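Here are my notes on the model you passed along. I've kept them as numbered points so you can go through them with the viewer open.

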Amino acid sequence: MGKPTRVTNSIRALRFANGEMTQADLAERIGVTRQTVIAIEQGKYSPTLETAFQIARVLGVPLEAVFHYPEEQQS
């Protein structure tokens, strides 16, 4: 897997808001392994753009509701 990312996500909260969907359920629906979903949730791995859109679609929310990138601090 790749290096940790600054991208954060709300996958865990959205899974529970979606009928307590398990990591395995989400993984099966988007075509990845449960370990990949775990790594994405923990911020240890950034999904491909296609996988990110699939996650948002399965969770029934816009991409921006799932993934968050921090604003750059102005000095």
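The points below go from the overall fold to the helix packing, then to single residues.

1. Bear in mind that this is a predicted model. The chain has five helices and two strands, and reading along the sequence gives the order β-α-α-α-α-α-β. Of its 75 residues, 32% count as buried. If you take the contacts with a separation of 6 or more, 62% of them come from residues 24 or more positions apart.

2. I'd start with H3. Six of its eight residues are buried, so this helix is largely enclosed by the rest of the structure. The buried ones are Thr36, Val37, Ile38, Ala39, Ile40 and Glu41. What do they pack against? Their partners are strand E1 (8-9), H1, H2, H4 and strand E2 (67-68). After H3 comes Gly43, which has a positive phi near 75°.

3. Next, H2 against H3. The two axes are 8 Å apart and the packing angle is about 110°. H2 and H3 are therefore roughly perpendicular to each other, given that 65 to 115 degrees is the range for that label. On the H2 side you'll find Gln23, Ala24, Leu26, Ala27 and Ile30, and they meet Arg34, Val37, Ile38 and Glu41 of H3. Sorted by class, this contact holds six nonpolar, one polar and two charged residues. 

4. H2 also packs on H4. Here the axes of helix H2 (residues 23-30) and helix H4 (residues 49-59) come within 10 Å and cross at roughly 120°, so the pair is classed as oblique. The crossing of H2 past H4 is right-handed. H2 contributes Leu26, Arg29 and Ile30 to the contact, while H4 brings Thr51, Gln54, Ile55 and Val58. The class count for this contact is four nonpolar, two polar and one charged. Leu26 and Ile30 are worth highlighting in your viewer: they appear in the contact with H4 and also in the one with H3. On the general side, an α-helix has 3.6 residues a turn, so residues three or four places apart point the same way.

5. How many salt bridges are there? The count comes to one. It joins the side chains of Arg15 and Glu41, with an N to O distance of 2.5 Å. The pair ties together distant parts of the chain, since Arg15 is in helix H1 (residues 11-17) and Glu41 is in helix H3 (residues 34-41), 26 residues apart. Are the two partners buried or exposed? Arg15 is buried, at 5% relative accessible area, and Glu41 is buried as well, at 17%. The cut-off for that label is under 20%.

6. While you're at Arg15, look at its other neighbours. Leaving out residues up to four places away in sequence, Arg15 touches Glu20, Met21, Thr22, Gln23, Leu26, Glu41 and Leu59. Two of those come up elsewhere in this note: Gln23 and Leu26 are part of the H2 face that meets H3. Glu41 is on the H3 side of that contact, besides being the salt-bridge partner of Arg15.

7. Glu20 deserves a look of its own. Its phi is positive, about 55°, although Glu20 is not a glycine. As background, most residues other than glycine have a negative phi. Where is Glu20 placed? Glu20 lies in the loop between H1 and H2. With a relative accessible area of 55%, Glu20 counts as exposed, yet it is among the residues that Arg15 touches.

8. Last, Val32, which sits in the loop between H2 and H3. At 23% relative accessibility, Val32 is partly exposed. Which residues does Val32 touch, not counting those up to four places away in sequence? They are Ala27, Val37 and Thr51. For Val32 and Thr51, which are 19 residues apart along the chain, the C-alpha atoms are separated by 8.7 Å. The three neighbours also turn up in the helix contacts: Ala27 and Val37 belong to the one between H2 and H3, and Thr51 is on the H4 side of the one with H2.

How values were computed: Residues are numbered from 1 along each chain as its sequence is written. This is a predicted model: local features need pLDDT of at least 70, side-chain atom pairs count only at pLDDT 80 or more; totals for chains, interfaces and linings use all residues. Side-chain values use heavy atoms; hydrogens and water are left out. A salt bridge is a side-chain nitrogen of Lys or Arg within 4 Å of a carboxyl oxygen of Asp or Glu. Helices (H or I, at least four residues) and strands (E, at least two) are DSSP runs, numbered from the N terminus. Buried means under 20% relative accessible area, exposed over 50%, partly exposed in between (1.4 Å probe, protein chains only). Contact means heavy atoms within 4.5 Å. Axes are lines fitted to C-alpha atoms, for helices over the stretch in contact, and angles run from 0 to 180 degrees between N-to-C directions. Angles under 35 degrees count as roughly parallel, over 145 as roughly antiparallel, 65 to 115 as roughly perpendicular and the rest as oblique. A crossing is left-handed if the near helix is turned anticlockwise from the far one by less than a right angle, and right-handed if clockwise. Ala, Val, Leu, Ile, Met, Phe, Trp, Tyr, Cys and Pro count as nonpolar, Asp, Glu, Lys and Arg as charged, and the others, Gly among them, as polar.
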